Amino acid sequence: MEWDDWVGLQQAYWERWSEFGRRAMGLEQPPADPWRQAMEHWWSAVSPGVPEQFRGLVEKMLDQSGRAFELAREAGAGWESMLRRLEEEFRRAGTPAAGPDDAGAVGSLLGLWSLPLTLWQEFAGGMQPGEGLLPLPPALGFGREQQEHLQEQLRLYQAWQQALQAYQHFFADLGLRCVGRMEQRLRQRQEGQAPIESGRALYDEWTSVCEEVYAERVSTPEYVHLHGELVNAMMRVRRHLGEGMDRQLALLGLPTRRGLRSLQQRVQQDRRELRALRAEVDALRRDLAAGQPAQEAGSRRRATGAGGKVAVRKKAVVRKKPVVRKKATARNRAATGKRKSATGRAGGGRSGK
Amino acid sequence: MSDAIRITPESLAAEMADHARRLAAGLPNLFQVGGVESGVTASEVVYREDKLTLRHYSPPPGVPRNPVPLMIVYALVNRPYMLDLQEDRSTIRNLLAAGQEVYLVDWGYPDEADAFLALEDYIDGYMDRCLDRIRRLHGLDRINLLGVCQGGSFSLCYTALHPGKVRNLVTMVTPVDFQTPDNLLSAWVQAMDVDLLVDTLGNIPGELLNWTFLSLKPFALTGQKYLHLLDLLEDPRRLKNFLRMEKWIFDSPDQAGEAFRQFIQWFYQRNGLIEGTVEIGGRRVDLGEIRCPLLNVYGEQDHLVPPDASRALRGRTGSDDYTEIAFPGGHIGIYVSGRAQKQVTPAVADWLDRRSR
């Protein structure tokens, strides 16, 4: 059987298998990837019976299966032409004209290459770089501040767009290197190594090549710089948007994020100080209970670490179960604890065996 | 010259048909798998504070107990039930079987109210109060401490600052030198403006950390793994194991912004444990102050904390009783692999027993 026949057979299979469904759904053209379409059709029928928490998992499995078999079909028909096609896609994604949409083309490599870009776009709050922004005239007169804010927003968006493009170009280049490495591996097989005989094995080989090249490239100073730039540019946009939002909220007399942060910071500082004071009070109470003069607070902290508030016995008591002491014994424990604290400090933790 | 790829239409059709058959045959197991529970060993809560919970696990009756209890400090990243994932893969259960009395610090899920929790609050605050609680419960000056990954770094800081409270220290897959050449995570954060990141986001979303960890091996971890899931689908037991792990991987608490800022800047960007520049609560962390016996366990194939990052501890403390265990596995395998159950946990328990009598 030839690969042209294969596609024809699959299309015929699909036609017969989904004839009624296709009519009902109004599909005019047979699908380009019959197996994947068939599996999706099957999945739409059985997925309601699968617990919701696992549906995403099966969908990922189906997605990767579809990619693996599509890769195998294309490679089986001629792996060199497949590699040339991939090369072409990566070259296109790496051109200066390529934008975020070209990540889709790059995503043909197991659908993973667009992952970083998708993530960063999510963190951008769903906004695209430069969206809805046009160059503004110089800021003058009434509304100058608002105009300056928008100009800065435009500048930050453009910087982010540049960082995103540089990042994408890096991955396009990385993809090209993967294609080159894959070609090397396949040539080695031609020279006598066992051929790849299944879609699964081909997929695994491709994954292995991609991981290998990826690991080499993302540890370079070039990537470290690009990654840092992307994150920083993205955060500058987010921060600027947040500041703008805060200004609007302040105008409406509503709580702002900045105000909330200040409160959170103060509360945490107060809690920290409260804890420290409580520890001091506990220690003073122990001193009083033991009938000893109270130590100076600073020396107590230095001596016992966090505050020296734990009452301990002179000798470790081995017990089979943890023992929670009753409050009534607290004073006695405090007294022995004070004495033991001094002993423990002298030991310095050296004994242990 | 032979073919590099020998896939024919017939062979591919057969493979696809087999794939579909196995998928259809295995899918009912997903219907029946039920809940994916974790944290399988019974425990009691002995202390709570804010989002933190301190859990206590008792050895089974009849097992000779180590008289010195062990407090385990997990990382802020991900959840501690990795140590108690399932009955036959549980570090905690194995420690109990070996007679260790175990306490586990569960940091919980920080939210916006926790955004300004600093390392000082975690190490000098929460950790110290948990340790004091256990010391009080057992009437002991010093107890054993085991830190995991970032929790190991915390434990090193804690022991250096509070040497009188720790009898023996165990660090597992713990980064010490944060700037070894093979540390990808470290490389990636070097050019990041962490102040800008934290000031902008507040708490750091767990999803962002997830993505970062997956980015270490993106093709294997976000693609290949799911294709290979087919191999597990027909075996309910292995399927459930996979689902437990999957649940754990994506169960990522957000990180308190201030603590994240400090950890990245002080430990990753400035390599503060090695350089001696980390300050917790105004006190400098000097690893030389750690004089108790120290066991350092690391994974030889750990891609998150490379072996050299952990081995850097050797010779940097004041302890004259330093031991290393190199485990032939990765960052997670050291807790959940069958080999780890047989080798790592018993060795840790034995090491503790010898130094706790």
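Visitor: Among the contacts in chain A with a separation of 6 or more, what percentage is accounted for by residues 24 or more positions apart?

Guide: This is a predicted model, and its chain A has twelve helices and zero strands. Buried residues make up 26% of the 353 residues in this chain. Among the contacts in chain A with a separation of 6 or more, the share that comes from residues 24 or more positions apart is 65%.

Visitor: Why is strand E8 of chain B largely enclosed by the rest of the structure?

Guide: A residue counts as buried if 20 or more other C-beta atoms lie within 10 Å of its own. Strand E8(B) covers residues 166-172, and it is largely enclosed because the number of its seven residues that are buried is seven.

Visitor: Which strand pairs with E8(B) over four bridges?

Guide: Strand E7 of chain B, residues 143-148, pairs with E8(B) in the parallel sense, but over five bridges, and there Ile143(B) has Val166(B) as its bridge partner. On E8(B), Met172(B) stands opposite Val297(B), which belongs to E11(B). The strand that pairs with E8(B) in the parallel sense over four bridges is therefore, with residues 294-299 of chain B, E11.

Visitor: Which helix gives the most residues to the largest nonpolar core?

Guide: The largest nonpolar core holds 154 residues, and those touching the most other members are Met71(B), Ile72(B), Val105(B), Met127(B) and Cys157(B). The helix that gives the most to this core, with 14 residues, spans residues 144-190 of chain A and is H7.

Methods: Residues are numbered from 1 along each chain as its sequence is written. Chains are lettered from A and ligands numbered from 1 in the order in which they are written. This is a predicted model: local features need pLDDT of at least 70, side-chain atom pairs count only at pLDDT 80 or more; totals for chains, interfaces and linings use all residues. A residue is buried if 20 or more other C-beta atoms lie within 10 Å of its own, exposed if 12 or fewer, and partly exposed in between; C-beta atoms are placed from the backbone. Helices (H or I, at least four residues) and strands (E, at least two) are DSSP runs, numbered from the N terminus. Two strands pair if DSSP finds at least two bridges between them. A nonpolar core is a set of buried Ala, Val, Leu, Ile, Met, Phe, Trp, Tyr and Cys residues joined through C-beta atoms within 7 Å. Two residues are in contact if their C-beta atoms, placed from the backbone, lie within 7 Å.
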